[in-house]
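Biologist: I should like to examine one part of this model in detail, together with its surroundings. Please take the structure below as the basis for your reply.

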Amino acid sequence: MKLSKQFDRVGMAAAGRDLYQFAAELYPICRSITGHGIRQTLRMIQQHIPLKIFEVASGTSVFDWTVPKEWNIKDAYIKDRSGRRVVDFQKSNLHVLNYSVPIHATMPLGELRPHLFSIPEHPDWIPYRTSYYKEEWGFCLSHSQLVALPDGDYEVSIDSTLADGSLSYGECFFAGQSSDEILISCHVCHPSLANDNLSGLTVATALAKLLAELTSDLRYSYRFLFIPGTIGAITWLARNQDARTRIRHGLVLTCLGDPAPFHYKKSRRGDAEIDRAAAHVLSHLSERAEVLDFSPYGYDERQYCSPGFNLGVGCLMRSVWGSFPEYHTSADNMSFIEPKCLAESLRACVMVLDVLENDRRYRNLLPFCEPQLGRRGLYRSTGGDSIADEVNARLWVLNFSDGENSLLDIAERSRLSFAMIFEAAQLLRENGLLELVLGANDGEEVAAKGVHRSTASDF
Ligand SMILES: [Zn+2]
């Protein structure tokens with residue numbers, strides 16, 4: 001399968017090293033749902049893939065929401081009476097409540113205290129907090145730091161701006177043979193957080209880079225979105241409402257760098273082809289992988305799967321958002337993610353896309369009793385230890401290729417991997433035992449080959 005081959009050319013070690021390095025470059029940037037940080041991040045992604053950056057003005061109505069004012073920050077601190085910075089934005093961008101309005105004042109600890117956030121259960125970690133839609137200011141600090149603050153006056157400064165500007169997002173499109181699209185979406189709005197944010201966007205960038213080398217060979221068109229969470233997806237959908245007629249499958253990528261087992265959250269439909277493809281791939285990758293039902297909470301699958309769109313978009317993760325203690329804290333840092341885990345996640349995405357790209361229906365050209373495989377040299381393996389599985393896969397493909405069952409149907413039913421079923425189908429086709437069945441789902445690819453495209457009205 002083409003994408004897996006492309007990944008193998010790079011190799012796990014090199015892929016992991018590149019993914020981790022890119023995450024490390026992006027890590028220090030203070031991102032938010034708008035502003036210079038997200039723009040800088042998009043420009044850095046642009047150095048790897050052909051990304052188009054869009055700006056949507058503050059105040060623009062997007063469904064029931066409004067694009068917020070743009071937030072930027074230069075510096076922030078809390079100084080004690082001696083002038084020492086006891087909380088310093090320059091040391092960690094998590095120290096400031098993201099989207100804090102500007103302030104410069106001196107106040108006693110009692111007055112400052114309601115604006116300070118910490119995590120008593122993890123006294124050395126800094127929490128990540130935001131206040132996008134309520135004008136507020138605040139600081140986040142470790143609990144041990146908080147309890148050590150003596151009474152007295154403190155100088156508080158947040159040198160930020162919240163003003164009319166724009167919301168930025170990036171889009172990268174590759175045209176395949178069909179205008180039917182696969183959507184890959186990730187959020188790019190968190191500051192220095194590695195697993196929740198950088199892992200998804202680095203894997204998405206690497207995936208786009210692999211696809212870029214194959215575009216003319218791709219069955220589907222691909223659209224990658226690098227957007228601020230929630231408001232970014234809502235803004236994109238509001239500006240691309242016709243997308244629902246083009247997007248056939250999609251994945252939200254997030255939390256893909258830690259060593260936890262894979263988790264796939266199904267689309268709202270629950271039985272979309274992406275749900276089956278992801279579940280199949282994960283079941284063959286690891287016994288510990290889990291498939292979760294859809295719920296209307298989580299990442300941007302919430303918007304793609306809102307009832308008006310109801311797209312076949314699921315969410316691929318390792319650790320599930322909100323379920324790991326490091327989530328939204330300073331402990332979700334570059335030590336929490338690993339090159340190998342990032343590379344395995346990229347490979348899992350590649351395998352899911354390979355299923356979608358190659359899930360076809362075939363017809364057995366000799367359906368009356370089994371064809372004599374031995375005479376054709378097909379009743380033995382081409383090598384390796386999996387003789388039984390290889391031959392078995394051929395028998396499964398021959399038996400179920402009746403024009404109705406797709407290769408994924410056969411892989412699920414046989415419990416053999418899609419890759420093995422696909423190889424068997426290729427071999428049987430080369431030996432004149434199978435023919436490809438073109439259907440309505442083959443879209444423009446079929447039209448391009450001069451075959452009449454079936455539409456619903458044909459039936
Ligand atoms: Zn988050």
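Is W396 buried, partly exposed or exposed, and what is its relative accessibility?

Modeller: The model is a predicted one. In it, W396 counts as partly exposed, at 23% relative accessibility. Its ring partner F400 is buried, with a relative accessible area of 17%. The two residues fall on either side of the 20% cut-off under which a residue counts as buried, because W396 has a value of 23% and F400 one of 17%.

Both residues belong to helix α12 (residues 387–400), where they are 4 residues apart and hence separated by about one helical turn. W396 and F400 form an aromatic pair, with 5.4 Å from centre to centre and 20° between the planes. Planes under 30 degrees apart count as stacked, so the pair of W396 and F400 is described as stacked.

This pair may be set beside another. The structure holds 13 aromatic pairs. F324 and F336 have ring centres 5.5 Å apart and planes at 20°, so this pair is stacked. F324 and F336 are 12 residues apart, and each is in the loop between β16 and α11. Both F324 and F336 are buried. Elsewhere, ring pairs join W65, W71, Y99, Y132 and Y133 into a cluster.

The loop that holds F324 and F336 also contributes to the metal site, through H328. The zinc ion is coordinated by NE2 of H190, OD of D196 and NE2 of H328, at 2.0 to 2.1 Å. Along the chain, these donors follow the spacing H-x5-D-x131-H. D196 lies in helix α6 (residues 194–212), whereas H328 lies in the loop between β16 (313–317) and α11 (339–358), so the pair ties together parts that are 132 residues apart in sequence. The accessibility of these two donors can also be stated: D196 is buried, with a relative accessible area of 0%, while H328 is partly exposed, at 23%.

Aromatic rings also meet charged groups in this model. R318 places its charged end over the ring of F262, 4.4 Å from the ring centre. Likewise, the charged end of K79 sits over the ring of Y77, at 4.6 Å from its centre.

To return to the residue in question, W396 is partly exposed and stacked with F400, a buried residue about one helical turn away in helix α12.

Methods. Residues numbered from 1 in each chain as written. Predicted model: local features only at pLDDT ≥ 70, side-chain atom pairs only at ≥ 80, totals over all residues. Heavy atoms only, no water. Donors = N, O, S within 2.8 Å, 3.2 Å for Na, K, Ca; no water. Helix = DSSP H or I, 4+ residues; strand = E, 2+ residues; numbered from the N terminus. Buried < 20%, exposed > 50% of the residue type's maximum accessible area, 1.4 Å probe, protein only. Phe/Tyr/Trp six-rings, centres within 6.5 Å; stacked < 30°, edge-to-face > 60°. Lys NZ or Arg CZ within 6 Å of the ring centre and 35° of its normal.
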